[in-house]
Amino acid sequence: MTTTERFVGTTVLRKEDPELLTGQAGYIDNQTMPGMLWMALVRPPYVHGRLRSVDTSAAGEMPGVVGVYTAADLELGALPFVWPITEDIKVPVHYPLTADKIRFHGDAVAVVVAETRGQAKDAAEAVHADVEVLPAVTDLEEAMADGAPLIHEDLGSNAVVHWSHGGGGDQGVFDSAPVIVQERYTQPRLIPNPIEPRGCLAYGVPAQGEFTLMSATQIPHIVRATLGGVVGIPESKLRIVAPDVGGGFGSKLNVYAEEALALATAKATGRPVKWIEERHENFVATIHGRGVIHDCTLAGTPDGKILGLRFVEIADMGAYYQLLTPGIPELGGWVYMGPYDPEAYWYEFTGVLTNATPTDAYRGAGRPEATYVVERLVDAYARRIGMDPAEVRRKNLVPRFTEARTAISGLNVDSGDYHATFDRALEMAGYDDLRREQAERRQRGDVKQLGIGLSTYIEMCGLAPSNILGALRYAAGGWDACTVQCLPGGEVVLKIGTSPHGQGHVTTWAQIAADALGVTPDDVQVLHGDTSVSPLGMDTYGSRSVSVGATALYLALEKIKEKARTLAAHELEVAEDDLEFDRGTFSVKGAPDRARTIADLAASAWHAHAIPDGFEPNLEATAVFDPPNFTWPGGAHICVSEVDTETGAVEILRYVAVDDCGTVINPMIVEGQVHGGVAQGIAEALYEEAIYDEQGNLVTGSLTQYLVPGATEVPSLELDRTETPSTSNPLGVKGIGEAGTIAAPPAVVNSIVDALSHLGVSEVGKPATPERVWRAIQAARGGDR
Amino acid sequence: MTQVAVTVNGVAREADVEPRTLLVYFLRETLGLTGTNVGCDTSSCGACTVLLDGESVLSCTLLAAQADGREVTTIEGMASDGQMHPLQEAFHRNHGLQCGYCTPGMIMAATSFLAENPNPTEGEVREALEGNLCRCTGYQNIVRSILDAAGRMSGASA
C-alpha cells in the first residue's frame, strides 16, 4: 500500500510477535527431519586429567546406537579462533573432541548418534574414559604462579597473551599528581544463560557433499566462513541457517564443537543429526563472560580534575580460546577513559588459561568490565577528596561535540552530549532531595541507609571499520550487506546480513524501508539468518545491527530510488532532474498529477516491456556498508538503593536511565533493550557469579544455584533519552543492545558503597550479596569479617 | 508402554508412551505441539508451563501418565476463532516479549494467576511470576502486559 505515513521514530508493534505468541516459532528444538538421529556428547566428570583411553565398545552395542566416534574416528580440524591480538600470542589448539587431555568440564572425548534422544544419552553414559586426574586451577593468580598446573603443557605457561594499549599522554602524572587513588576490583565470571540453550541440526545431500547446519546462533555467516575447514566441507557447499533464536547475549556469537560434530556425524552417517543442549551442559560448555581483576590508578587534583587513568588487568581466558576470547578485554581497552578527558591513559592486560569454560563475548564484551572499574574508581576519588561524586563527574565530562573527536585512547568518538544525559538523570532522580534524605537517615542512624549510585558511560559500538579490525589483527571485516527487491505487486523484500535473536529487527528494518519507499511496514518482508538467502553478512553482535546492517539497508534503498528515478523519467518523458520524490512517488515538478509510484515502477521494471536502453530489468539493489568509524552511545544511570545495615540486604528503590543512542527508529524497541540490558547489569551487580571449588568444580552449575533474577528482583525503570546523531552513518544511529549492561553494574554497586561510606565502607565486591555487604559493614566497624 | 488419554486444548488425545515420558515431551514429540518450550532441567525456568485442569504446572516435572484423564491447555490452545487471547494481545501491545522463548510459559502462568486474582497489583503480578525466568525483557513490559490484560479482561466480564 502506498502511504504518506512516516514510521521511523515511532512505536510500531512488532511484526515478529504473532508466531512467538501463538506457539508457532521455529526454534531449533522445534525442527525435525525424516530419518533424523540424535547426538549426545561424552563429557567425563573431570576438570583436568590426562586421557589414557576411551572405551566405546559397550556404548556401540546399546539399543538404537548408529555410531560412536572419538577424535581419532572423525579427524576434525581445530575449532576457529579468529583474533590473535598480538604477534607473540600463544594459541592453544582446540579440537571439537579432545584426544590427549581433559581441560575443563565441557571437554568431550566422544560423541554418540542414535535413533532417539534418550538412546543417545543412555549410550553416552556407557562410554568409559580412563583418565589420570591432574590438579586443577581456576583461580587467576594461582594459575599465573610458578609451579601452577599447566593447562596446555606445549605453551609452557598459563599466561598466554599480554596486550598493552601503549598509553597516551604524560605517564608521569601517575607519580606526580597531588592525589593518587589506587584500587583493586574483581569481577567474577558470569554465565549468559539465554532461556533457550544452544542446539543444532545438520543435514545434507551426501551424494553432492552439500550440507546445511541449522543452529541457534547469532552468526550464521561467520559459522559458514570458519566451520567448513573444521569438517572438510567446502564453504560453497555449506549453508548455515539460524532459525528463531531464543536469546543470545553473546553466548551464541561463537563457533562451537557441537556444530562441527553434528555436521561431521551427519556426513559420516548420511542422515540428519540433531543436538539440543541441556541446561547443565550450557553452564559448562557454552562460553562465560567477565572473569577479570583490575589494578586501577587514578591521578587527580584535590579540586576534582581527573589527570590520568591507568588500568592493569588480568583476564581469565578459560581452558581454550573460543572464537574471540583474548579480543574481549582488548575491546574494552579503548574505553577506559569513559566519558572523561584525562591527560594520561594506560591500559594493559594479561590473558591467563585456567581449567574453566572459555570466556568470550557476554553482553557488552569488555566494555562493561571497563566501565565498572572506571566508575567505581571515580567514586573512590570523590570520597578521597571529599567532593560530591556528581560534581566530580560534571567537572570531567567531555563537553558536547557533534563532530568526531579523538579520545585519549586513540579512537575517534563520533559525537556525544554527556552533560545533557547526566543533568537529565540527576533531575529525574531528584538528586538534591535524595542527598538530603540520605543525610537525615545518617543523622538518625537508621538501620536502613540510602545510597545513590552514579554511572556515566560511553560504549564503542557498530563493530566495525574493517581497516581498524585489520590493524587489530582480527581475521574478518566489519561490513554488512543488504539486498532490497521491489516486487511487481508493490511489496518489498529485503535480505540482510544481520541475524537477530529477540531484538525486533524485522520491525525496525521494515520501518526504515517503509519510509524510504512510501509503503507500510506490513508491506515489507524481512529475510535474514540464512546464508543462502542473504549470502553476504557479518551477523549480529556488538550493537552493530542498526548502525552497520541498517545503514547497508539505507544505502540499498538509495540505489533503488536512483534506479526508479531513471525509469520514472523515461516513462514520464522528462529529465531526471525534473522529478520530485516524496514518500514513494516521483512526480513532475509543477505537474504533480504526472506521477509514478515505486510500485508502478517495480511492475514496469519487472515486465520490462518498455524500459530504457541499458536498464537492467527489476527494481532490485544490493549495498555493502563498511563503517568509516565506530558509533559511541553514552548516557547516565542512577541507582537509588536502600541497604539494611544489620542484614546486608540491598533493595533497589529506583533506577533512572538516560541514554543517548543517536537517532531512534522504534522507541518501544529501544526501551525494551534498555530494560533487558539493565536487568542483566543489576543481576551482575547483585546476584550472578560462577563459583568454583578448590578442585575446580563449578559450584553454581544450575539455575538453582546460579541466581538469574526473577520478576521480584528487578525493579521497574524510569527512562529518558537524548538524541545526538552519530556522524558515522547517514541514519545517525548508534545502537542500544548493550548500554544497560554496561551502565548498570557500577550504578548499583556505587549506590551500596554510597549508602555505607559514612560507616567507613569503601568496597563490597561484586555481586554484592547480603553476606558480602554484611561482612564489609562488619569489617568497617572493626568486627569480624 | 503406558497408555495415556489426555484432553489437550479441548481435543481428546491418546497415545502409548514409555512410562518415563515427561508431559512436555508427550506434548512436543508425541503430539507435535512444539509451542511449549524446554529451558532447563531443574524445574527452575518456567518456560514449559502449561495448564493442568486450569492450573499452571511445569510440564517438565510431571509424567505424561500423571495427566491421564485430565485436561491440558498449551499456548496453542489460547487463541480462539483466529482471535488471540487478551493476554497474547496484551503482550504484543506492550512489547512483553523479545526472543519469545519464555513467552508461552509466561502467558500460561499469567492465565492461571488471573483466574485466581483478576485485579492484581503490580507486586502481586511480580510475585506470581517468580517461577518464570526471562532473560530479555527485565520483566517490566511483561508485568505491564499482564496488568493491561487484567484490566481489559475484568472490564469485559463486568
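**Exercise 1. Backbone angles with an unusual sign**

Task: In this predicted model, find where E75(A) is placed and state whether E75(A) is buried or exposed.

Solution.
- Step 1. E75(A) sits in the loop of chain A that runs between α3 (71-74) and β4 (101-102).
- Step 2. Its phi is near 50°, which is a positive value in a residue other than glycine. Most residues other than glycine have a negative phi.
- Step 3. There are 11 other C-beta atoms within 10 Å of E75(A). A residue is exposed if that count is 12 or fewer, so E75(A) is exposed.

Task: Repeat the steps for S43(B): which loop holds S43(B)?

Solution.
- Step 1. The loop between α1 (23-30) and β3 (49-52) of chain B holds S43(B).
- Step 2. Phi of S43(B) is near 55°, again positive in a residue other than glycine.
- Step 3. S43(B) has 13 C-beta neighbours inside 10 Å and therefore counts as partly exposed.

**Exercise 2. Cis peptide bonds**

Task: Which residue is joined to A464(A) by a cis peptide bond, and which is joined to P767(A) by one?

Solution.
- Step 1. Most peptide bonds are trans.
- Step 2. L463(A) is joined to A464(A) by a cis bond with omega of about -10°. A464(A) belongs to the loop between β18 (448-458) and α15 (466-471) of chain A.
- Step 3. K766(A) is joined to P767(A) by a cis bond with omega of about 0°. P767(A) belongs to the loop between α20 and α21 (770-780) of chain A.

**Exercise 3. Two helix pairs**

Task: Describe how α19(A) packs with α20(A), then how α17(A) meets α18(A).

Solution.
- Step 1. Two packed helices are described by the angle between their axes and the distance between the axes.
- Step 2. Helix α19 (residues 667-686) and helix α20 (residues 739-756) of chain A pack at about 40°, their axes 7 Å apart. The two are therefore oblique to each other, and the crossing is right-handed.
- Step 3. Residues of α19(A) in this contact include V674(A), G677(A) and L686(A), while those of α20(A) include A739(A), P745(A) and V749(A). By class, the contact has eleven nonpolar, six polar and one charged residues.
- Step 4. The axes of α17(A) and helix α18 (residues 598-607) of chain A come within 10 Å and cross at roughly 85°, so α17(A) and α18(A) are roughly perpendicular to each other.
- Step 5. From α17(A), the residues A564(A), L567(A), A568(A) and E571(A) meet I598(A), L601(A), S604(A) and A605(A) of α18(A). This contact has six nonpolar, one polar and one charged residues.

**Exercise 4. The nonpolar core**

Task: Which helix gives the largest share of the largest nonpolar core?

Solution.
- Step 1. The largest nonpolar core has 309 residues; among those with the most contacts inside it are M39(A), A110(A) and I752(A).
- Step 2. Helix α17 (residues 545-572) of chain A gives the largest share, 13 residues.
- Step 3. Leaving aside neighbours within four places in sequence, A110(A) is in contact with residues including V42(A), V54(A), L97(A) and V127(A).

**Exercise 5. Chain B against chain A**

Task: How many residues of chain B are in contact with chain A?

Solution.
- Step 1. In chain B, 43 residues are in contact with 40 residues of chain A.
- Step 2. The helices of chain B that each supply at least two residues to this side include α3 (103-116) and α5 (140-157). The largest share, four residues, comes from α2(B).
- Step 3. By class, this side of chain B has 19 nonpolar, 17 polar and seven charged residues.

Definitions and conventions
Residues are numbered from 1 along each chain as its sequence is written. Chains are lettered from A and ligands numbered from 1 in the order in which they are written. This is a predicted model: local features need pLDDT of at least 70, side-chain atom pairs count only at pLDDT 80 or more; totals for chains, interfaces and linings use all residues. A nonpolar core is a set of buried Ala, Val, Leu, Ile, Met, Phe, Trp, Tyr and Cys residues joined through C-beta atoms within 7 Å. A residue is buried if 20 or more other C-beta atoms lie within 10 Å of its own, exposed if 12 or fewer, and partly exposed in between; C-beta atoms are placed from the backbone. Two residues are in contact if their C-beta atoms, placed from the backbone, lie within 7 Å. Ala, Val, Leu, Ile, Met, Phe, Trp, Tyr, Cys and Pro count as nonpolar, Asp, Glu, Lys and Arg as charged, and the others, Gly among them, as polar. Axes are lines fitted to C-alpha atoms, for helices over the stretch in contact, and angles run from 0 to 180 degrees between N-to-C directions. Angles under 35 degrees count as roughly parallel, over 145 as roughly antiparallel, 65 to 115 as roughly perpendicular and the rest as oblique. A crossing is left-handed if the near helix is turned anticlockwise from the far one by less than a right angle, and right-handed if clockwise.
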